[in-house]
Amino acid sequence: TLSDLLTSIDSGSELSTSTKHMLGTTTVLFTDLVGSTSLSQQLGDKAWSDLIASHFRSVGSIVEEDGGVEVKTLGDGGMYVFTSAAAALSTGIRIQRALATVPDQKLRLRIGIHTGDVIQNDNDYIGLTVNKAARVAAAADGGQILVSSVTAGMVNTTDFVLGDPFAAELKGIDGVHTIQQLEWTNPPTR
């Protein structure tokens, strides 16, 4: 679950500073399946395991095709990084659209995206940017993609349809944060 990913992120902040280095600006995308516990009970362990494995393969392929990197998956959530904010938004849209095309789709996914400086430790990424991206995802409902104002400000708005900005409190992060919903059901008109 997203809480498991957050716990793994929080524990990573205590790692030795000798293995950390700054990457600069990175866009972090988190995914989280909504209602996965009840769905896993309905399907049973084997069917649930197969469904999750297929889901992560599909998401991983889309992320890779768009130039992103899978950092980790845990339970029913995943963390992915991009050097381009626009690529992360495009990926989020493609992931939601791919899920929507699956017949008898039972999975509802929420996605959160935020951009900022991160620290890489071996194959993991840590820092406030990572935490904020996870919290933006936690603020989303199933089927939503939420984007921080920082990320929204970095992309060409004619390429994406973003909803009106709104203020949100993000658990564990001081202040009120501006986020926007990224529309994925209709392509932008040009």
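In which helix does Thr91 lie? In this predicted model, Thr91 is found in helix H4, and with a relative accessibility of 0% this residue counts as buried. Leaving out residues up to four places away in sequence, Thr91 touches Ile62, Val63, Asp66 and Phe82. Two of these names, Ile62 and Val63, recur below among the buried residues of helix H3, while Asp66 recurs among the salt bridges.

The protein chain as a whole holds 6 helices and 8 strands, which follow one another from the N terminus in the order α-β-α-α-β-β-α-β-β-α-β-α-β-β. The chain has 190 residues, of which 46% count as buried, and it exposes about 9300 Å², with carbon and sulfur atoms supplying 49% of that area. Among the contacts with a separation of 6 or more, 72% are accounted for by residues 24 or more positions apart.

Helix H3 comprises 21 residues, from 45 to 65, and the distance from its first C-alpha to its last is 30 Å, close to the 30 Å expected at 1.5 Å a residue. Its buried residues are Trp48, Ile52, His55, Phe56, Val59, Gly60, Ile62 and Val63. These residues lie on the same side of H3, because they cover an arc of only 160° around the axis. An α-helix has 3.6 residues a turn, so residues three or four places apart point the same way. On the other side of H3, the exposed residues are Lys46, Arg57, Glu64 and Glu65. Just after the helix, Gly67 adopts a positive phi of about 85°.

Helix H5, residues 128-139, likewise agrees with expectation, since its 12 residues should span 16 Å at 1.5 Å a residue and its end C-alpha atoms are 16 Å apart. The buried residues in H5 are Thr129, Val130, Lys132, Ala133, Ala134, Arg135, Val136 and Ala137, a list that includes charged residue types such as Lys132 and Arg135.

The interior was then examined for nonpolar cores. In soluble globular proteins, nonpolar side chains tend to be buried together. The largest nonpolar core in this model has 30 residues, among which Ile113, Ile145, Val147 and Leu182 touch the most other members. At least two residues of this core are supplied by each of strand S1 (20-34), H3, strand S3 (77-82), helix H4 (85-100), strand S4 (108-121) and strand S6 (145-148). The largest share, 7 residues, comes from H4. For Ile113, when its neighbours within four places in sequence are left aside, the residues in contact are Thr27, Val28, Leu29, Ala88, Leu89, Val136, Ile145, Leu146, Val147, Ser148 and Thr151. A second core, separate from the largest one, consists of 11 residues, including Val28, Met79, Tyr125 and Ala137; Val28 is thus a member of this second core and also one of the residues in contact with Ile113.

A search of the whole structure for charged pairs finds 5 salt bridges. In one of them, the side chains of Glu65 and Arg94 meet at 2.6 Å, N to O, and the pair links distant parts of the chain, with Glu65 in helix H3 and Arg94 in helix H4, 29 residues apart. Glu65 is exposed, with a relative accessible area of 57%, whereas Arg94 is partly exposed, with a value of 32%. Arg94 also meets the side chain of Asp66 in a salt bridge of 2.7 Å, N to O; here Asp66 lies in the loop between H3 and strand S2 (69-74), and the two residues are 28 residues apart. Glu65, Asp66 and Arg94 are accordingly linked in a network of salt bridges.

A further salt bridge joins Asp124 and Lys72, whose closest N and O atoms are 3.1 Å apart. Asp124 belongs to strand S5 (residues 124-126) and Lys72 to strand S2, so the pair ties together parts that are 52 residues apart in sequence. Both partners count as buried, because Asp124 has a relative accessibility of 17% and Lys72 one of 14%, and the cut-off for burial is under 20% relative accessible area.

How values were computed. Residues are numbered from 1 along each chain as its sequence is written. This is a predicted model: local features need pLDDT of at least 70, side-chain atom pairs count only at pLDDT 80 or more; totals for chains, interfaces and linings use all residues. Side-chain values use heavy atoms; hydrogens and water are left out. Helices (H or I, at least four residues) and strands (E, at least two) are DSSP runs, numbered from the N terminus. Buried means under 20% relative accessible area, exposed over 50%, partly exposed in between (1.4 Å probe, protein chains only). Contact means heavy atoms within 4.5 Å. Accessible areas come from the Shrake-Rupley method with a 1.4 Å probe; for residues, only the protein chains shown count as cover. The expected span of a helix is 1.5 Å times one less than its number of residues. The arc is that of the directions from the helix axis to the C-beta atoms. A nonpolar core is a set of buried Ala, Val, Leu, Ile, Met, Phe, Trp, Tyr and Cys residues joined through side-chain atoms within 4.5 Å. A salt bridge is a side-chain nitrogen of Lys or Arg within 4 Å of a carboxyl oxygen of Asp or Glu.
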